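Q: I'm new to this structure and would like to zoom in on one small part of it. Could you walk me through that spot slowly, and then show me what else is worth looking at?

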Amino acid sequence: MRSGEAQVAFPAVPESAPLPRSSSSPSAHGGSAAGAGLRPAVIALDVGGTDIKSALVTRGAHPGAPDEILVERVVPTRAAQGPEVSVAAVLSAVEALRDEVPAGYQVRGVGLAVPGVVDEDAGVVLNAENLDWVDLPLRQVVADATGLPVGFGHDVRAGGLAEARLGAGRGEPDHAYVSVGTGIAAAIVLRGEVYAGRGFAGELGHGGVRGGTPCPCGGSGCAETYASAAGMARSYRERTGASALEVPGSAEVLARAAAGDAVAREVWDRAVDRLGELVAAMVRVLALPVVVIGGGLVRAGDDLMVPLDAAVRSYLTIHPAPRLVPALLGSAAGTYGASVLAWDAVAASALEPM
């Protein structure tokens, strides 16, 4: 941070910001009922390499009220068993929630937030390494299986969409949402809309360097290899011989750095500096006034946000530094984003000619 500037105070970061829950009791008949008086609901799925987070979501009881969760579930993705099995797990998660629709509600659509490189317009997963999905028309697969409108998007861009409409980016037409967890990616919001760039926009964690630790993307020295939460833990273990049980993630690296471990401090500081360089690069191109920081790493609070703010400023000269704010939706951002995609798909289907 430049001398003479006041230290920025950042608000506390919640573990998550769960949607209000409905008190309605489940009924096997709720999903099949038809007619006037039924409240609309959507099924939202945040598909990860390990788990599928799913939720049945309805609108708030009155205009302006937050959406409500009726049912929430987490099931294994079963990616290790092959792409056919993991796609079946997605379809099963949708049907399981349809079976739990409470009386008085009707499912109107499905929202999918998925990892990897995706083409939102076509509804296709171009490449999701952790799931072994290549050129998978997932939106059409789910639409054919359910007969419902399906919203579809990249997990980080969906999280950014949720933060833009419901969270820390609300009221900011131009900003970025940077998620730092297992990987590093960003959602770029311009004039209130998330820019997808044919599925490649915001992939900050890959490319841009030569040499260094090999990356699953085929490159080497990519930011994800050492500046992501997973990369920090891996770097520390490689340098010290610590086991994955001892240092499973970045939280343990930070704890050791705070306790005086010089290697942990070097690993943490190097990662934060690289993240600051990535944020500053976006600001130099897009002149973003606000950057929302999300993903698991943001739970570090001021231990991340204060040095990250200083790092961003150190890489800027003529550009105004952005205001860095922690994400408000926490680990629920992907599910929130999937529900937004679902509602958008329902609205779009109502406008289509018969």
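Where is Asp132 found?

A: Asp132 is found in the loop between β6 and β7. Before going further, keep in mind that this is a predicted model.

Let's start with the two strands on either side of that loop. Strand β6 covers residues 124–128, strand β7 covers residues 133–136, and the two run antiparallel, joined by 3 bridges. For a landmark, look at Val125, which stands opposite Leu136 in β7. Together β6 and β7 make a hairpin with 4 residues between the strands.

Now for Asp132 itself. Its phi is positive, at about 60°, although Asp132 is not a glycine. That stands out because most residues other than glycine have a negative phi. If you want to find the unusual angle in the picture, follow the hairpin of β6 and β7, where Asp132 takes that positive phi.

There's a similar case in another hairpin, so let's hop over to β10 and β11. That hairpin has 2 residues between its strands, and here Arg191 takes a positive phi near 55°. The two strands run antiparallel and are joined by 3 bridges. Leu190 stands opposite Glu193 in β11.

Strand β10 has a partner in β9 too. Strand β9 (residues 175–180) runs antiparallel to β10, with 6 bridges joining the two, and a hairpin connects them through 3 residues. One pair to look for is His175 and Val189, since Val189 in β10 is the bridge partner of His175. How enclosed is β10? In β10 (residues 184–190), 6 of the 7 residues are buried, so the strand is largely enclosed by the rest of the structure.

A third positive phi turns up at Ala287, a residue other than glycine, with a value near 50°. Ala287 lies in the loop between α6 (262–286) and β12. Ala287 counts as exposed because its relative accessibility is 55%, and the cut-off for exposed is over 50%.

For contrast, try some buried spots. Ser228 sits in the loop between β11 and α4 (229–240), and it counts as buried because its relative accessibility is 0%. Its side chain reaches the backbone nitrogen of Gly231 at 2.9 Å. Setting aside residues up to four places away in sequence, Ser228 touches Val180, Gly181, Thr182, Gly183, Ile184 and Ala223.

Leu297 is another loop residue, placed between β12 (290–294) and α7 (302–314). With 3% relative accessibility, Leu297 counts as buried. Its contacts, again not counting residues up to four places away, include Val180, Ala229, Met232 and Trp268. The C-alpha atoms of Leu297 and Gly249 are separated by 9.6 Å, although these residues are 48 apart along the chain.

Next comes His154, which lies in strand β8 and counts as buried, at 3% relative accessibility. A polar atom of the His154 side chain lies 3.1 Å from the backbone oxygen of Gly116, and a polar contact of 3.4 Å joins the side chains of His154 and Asp155. Leaving out neighbours within four places in sequence, His154 is in contact with Val114, Gly116, Val118, Glu120 and Glu203.

Glu120 takes us to the second largest pocket, where it is one of the residues that lie nearest the centre, along with Asp121, Phe152, Val194 and Leu341. This pocket has a volume of about 470 Å³. The elements giving two or more residues to its lining are β8 (150–154), α3 (155–166), β11 (193–195) and α8 (333–351). Strand β8 gives the most, with 5 residues. Of the 21 residues in the lining, 8 are nonpolar, 4 polar and 9 charged.

Finally, step back to see the whole chain. There are 8 helices and 13 strands, and buried residues make up 49% of the 354 residues. Among contacts between residues at least 6 apart in sequence, 65% join residues at least 24 apart. And to come back to where we began, Asp132 is in the loop between β6 and β7, with its positive phi of about 60°.

Key:
Residues numbered from 1 in each chain as written. Predicted model: local features only at pLDDT ≥ 70, side-chain atom pairs only at ≥ 80, totals over all residues. Heavy atoms only, no water. 1 Å grid on protein atoms, 1.4 Å probe; cavity = no way out; pocket = protein on both sides within 12 Å on 5 of 7 lines; lining within 4 Å. Points joined across faces, edges and corners; volume = space filled by probe spheres on them. Nonpolar A, V, L, I, M, F, W, Y, C, P; charged D, E, K, R; others polar. Pairing = 2+ DSSP bridges. Buried < 20%, exposed > 50% of the residue type's maximum accessible area, 1.4 Å probe, protein only. Contact = heavy atoms within 4.5 Å. Polar contact = N/O pair within 3.5 Å; in protein donor to acceptor, adjacent residues only side chain to side chain.
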